[in-house]
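Biologist: I would love a close look at one part of this protein, with its surroundings explained as you go. Could you pick a strand and walk me through what lies around it?

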Amino acid sequence: MTTGIALRLIRPGDYITVQKMFIEFNASEFGKYDHIDHTDEMHVISFLENMMQNHVIYAVTQTGSDEMIGYICFHLAGEEYDIGYMISSQHQGAGIATAASKAAMKKLENERGSKIFTATVAAENYPSVRVLEKLGFTIISENRVKKEVEGVTFLVTERRYLKRISESI
């Protein structure tokens with residue numbers, strides 16, 4: 001069962017949690033599909049500053065707590081909001097990414113009139129694919145792409161997803 005979640009604005013000290021999540025993600029079995037090249041403090045702070053200034057990002061917390069357990073972000077591309085999410089490893093598998101994504105998409109619909117959401121994910125990243133399926137995203141394209149992580153080259157099936165807000169979330 002999903003624990004209650006809340007969204008809040010990112011704060012300067014949150015980079016420590018984000019940096020830890022980046023490192024954990026790279027070490028996970030799914031980290032090779034969307035490997036994060038730079039996990040040092042400077043690059044993480046730069047990522048967060050860019051997201052706050054040019055895009056949309058929310059810290060995910062559990063209801064009644066201020067501690068960040070993940071984030072939901074949206075890269076703006078014209079009228080499309082490309083969603084991304086990351087939940088700390090100890091909170092994964094509890095439906096938090098799905099619940100937080102749903103809440104963030106609803107917030108953007110209400111505050112900005114957002115109608116089109118997209119996502120790109122490796123088909124091999126099953127947990128992320130499952131989140132998008134639960135949210136009602138549909139596949140609009142699929143390509144095989146070459147990835148290289150730490151000198152190892154491999155092929156990944158990259159899927160592009162679409163969700164129109166006129167569909168129920």
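Modeller: Happy to! Let's begin at a turn: in the hairpin of S3 and S4, 2 residues lie between the strands, and Gly78 there takes a positive phi near 65°. Please keep in mind that this is a predicted model. The two strands of that hairpin, S3 and S4, run antiparallel and are joined by 8 bridges. One pairing to look for is Ile72, whose bridge partner in S4 is Tyr85.

S3 also has a partner in S2 (residues 56-62), and these two pair in the antiparallel sense over 6 bridges. Here Val56 stands opposite Phe74 in S3. The hairpin of S2 and S3 has 5 residues between the strands, and in it Gly64 takes a positive phi near 85°. As for S3 itself, 7 of its 10 residues are buried, so this strand is largely enclosed by the rest of the structure.

Now back to Tyr85, which leads us on to a pocket. The side chains of Tyr85 and Ser128 are joined by a polar contact of 2.8 Å. Ser128 is found in helix H4 and is buried, with a relative accessible area of 12%. Beyond its neighbours within four places in sequence, Ser128 is in contact with Tyr85 and Val121.

Tyr85 and Ser128 are among the residues that lie nearest the centre of the largest pocket, which is lined by 40 residues. The elements giving two or more residues to that lining include strand S3 (68-77), strand S4 (80-87) and helix H4 (126-134). The lining divides into 21 nonpolar, 14 polar and 5 charged residues, and about 1100 Å³ of space lies in this pocket.

Conventions:
Residues numbered from 1 in each chain as written. Predicted model: local features only at pLDDT ≥ 70, side-chain atom pairs only at ≥ 80, totals over all residues. Heavy atoms only, no water. 1 Å grid on protein atoms, 1.4 Å probe; cavity = no way out; pocket = protein on both sides within 12 Å on 5 of 7 lines; lining within 4 Å. Points joined across faces, edges and corners; volume = space filled by probe spheres on them. Helix = DSSP H or I, 4+ residues; strand = E, 2+ residues; numbered from the N terminus. Nonpolar A, V, L, I, M, F, W, Y, C, P; charged D, E, K, R; others polar. Buried < 20%, exposed > 50% of the residue type's maximum accessible area, 1.4 Å probe, protein only. Polar contact = N/O pair within 3.5 Å; in protein donor to acceptor, adjacent residues only side chain to side chain. Contact = heavy atoms within 4.5 Å. Pairing = 2+ DSSP bridges.
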